[in-house]
Amino acid sequence: MKYTGLGSTGLKISRVCLGMMSYGDSAQRAWFLDEGAAEPIVRRAAEAGVTFFDTADMYSRGVSEEITGRLLDKLFPHRDDYVLATKIYFPMGSGPNDAGLSRKHILSGIDASLRRLGTDHVDLYQIHRWDYETPIEETMEALHDVVRSGKARYIGASSMFAWQFAKAQHVAETHGWTKFVSMQNHYNLAYREEEREMIPLCLDQGVGCIPWSPLARGLLAGSRERGGKNLTVRADSDQYAEELYGDADFDVVDAVREVAAERGLPPAQIALAWLLGKSAISAPIVGATKLNHLDDAVAAVEVLLSEEEIARLEAPYQPHRVIGHA
């Protein structure tokens, strides 16, 4: 495993982040793994040197955080041996204040997440989306107070427009509040709209990118075929993927498969190697429901693509409408 700073911070993270969304309540998604099934994968990650783990309060309505906390406590001798990230925004109940980025919800949300995680702090506390109903000043001040209280070491953001991210950073800087150090955005070979504005902004501001869906929800790893044929349990029950990707994206899949075949490597390793080669990327957030998913992600850290291979992988891309912010 290799390690890097999260953006321009001094926080060192593994170049692979294990996303914990897949571990939770199987009654919600057929491909979710319970704690017993998740443990061998998380253990393999820890043994391989992965030290960065990302979850969210809304994953299985808190069950993912509970599993994450118990497994990391079991697998690492000390709390400072790993970097723990979680997120807030989506509904955690039916009440009017059970969602969003109000001061009330943020301060209640961090305490609830810490209880479920079984720790007194998270290393990275992220807003899961932009809240159009709460003034960004209220949100940024509340997040600053979370950091000042010691309940979070750093704060980060997730999918939004570049102007929104710039506004949030400006508000924080103007008031002397804590600024975001990371952007968890939707970015992969099949969706590269972030290259237009968000990624240049992050590079300019020293913000680390930790993209979600680096394999396009399995598309780039071979979980789907043209014409809607699904080859895995997740692909067969993941309606959101149908909203994000379409038939035109299979030209990119074909390019990945060709380069992978020439290298004698799984397509997942090629797609992740492309992402890891981008200067803005600190660590992609990789989901794993099988041991080989984790093994491919770790192996991709050592795969260096040539300029010619990168050009071939990027050539088939077709522009998309902005997706993933909702």
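This report walks through a predicted model of a protein, from its confidence scores to a pocket, a helix pair and two unusual loop residues.

## How confident is the model?

Let's start with the scores. The protein has a mean pLDDT of 95, and 95% of its residues reach 70 or more.

The score does vary from element to element. Among the elements of the protein, strand β4 (residues 52–54) has the highest mean pLDDT, at 99. At the other end sits helix α7 (residues 233–237), with the lowest mean, 51, so keep that contrast in mind as you look at the structure.

## The second largest pocket

Now for some empty space. The second largest pocket has a volume of about 190 Å³. Which residues are the closest to its centre? They are Ala 273, Leu 276, Gly 277, Val 303 and Leu 304, out of the 13 residues that line this pocket.

Helix α10 (residues 267–276) gives the largest share of the lining, with three residues. What sort of residues make up the lining, by class? Nine are nonpolar, three are charged and one is polar.

## Two helices that meet

Next, look at helix α2 (residues 63–75) and helix α3 (residues 103–117). They pack with their axes 7 Å apart, at an angle of about 50°. Because of that angle, α2 counts as oblique to α3.

Who does the touching? On the α2 side, the contact is made by Glu 65, Glu 66, Thr 68 and Gly 69. On the α3 side, Ser 113, Arg 116 and Leu 117 take part. Sort the residues of this contact by class and you get three charged, three polar and one nonpolar.

## Two arginines with a positive phi

Finally, a pair of backbone oddities. Arg 61 is not a glycine, yet it has a positive phi of about 50°. You can find Arg 61 in the loop between β4 and α2.

Arg 217 also has a positive phi of about 50°, again without being a glycine. Where is Arg 217? Look in the loop between β9 (208–209) and β10 (224–225).

Notes
Residues are numbered from 1 along each chain as its sequence is written. This is a predicted model: local features need pLDDT of at least 70, side-chain atom pairs count only at pLDDT 80 or more; totals for chains, interfaces and linings use all residues. Side-chain values use heavy atoms; hydrogens and water are left out. On a 1 Å grid over the protein atoms alone, a cavity is a set of points where a 1.4 Å probe fits but cannot get out, and a pocket is an open set with protein on both sides within 12 Å along at least five of seven lines; lining residues have an atom within 4 Å of a point. Grid points are joined across faces, edges and corners, and a volume is the space filled by probe spheres set on the points. Helices (H or I, at least four residues) and strands (E, at least two) are DSSP runs, numbered from the N terminus. Ala, Val, Leu, Ile, Met, Phe, Trp, Tyr, Cys and Pro count as nonpolar, Asp, Glu, Lys and Arg as charged, and the others, Gly among them, as polar. Axes are lines fitted to C-alpha atoms, for helices over the stretch in contact, and angles run from 0 to 180 degrees between N-to-C directions. Angles under 35 degrees count as roughly parallel, over 145 as roughly antiparallel, 65 to 115 as roughly perpendicular and the rest as oblique. Contact means heavy atoms within 4.5 Å. pLDDT is the predictor's confidence in each residue, from 0 to 100.
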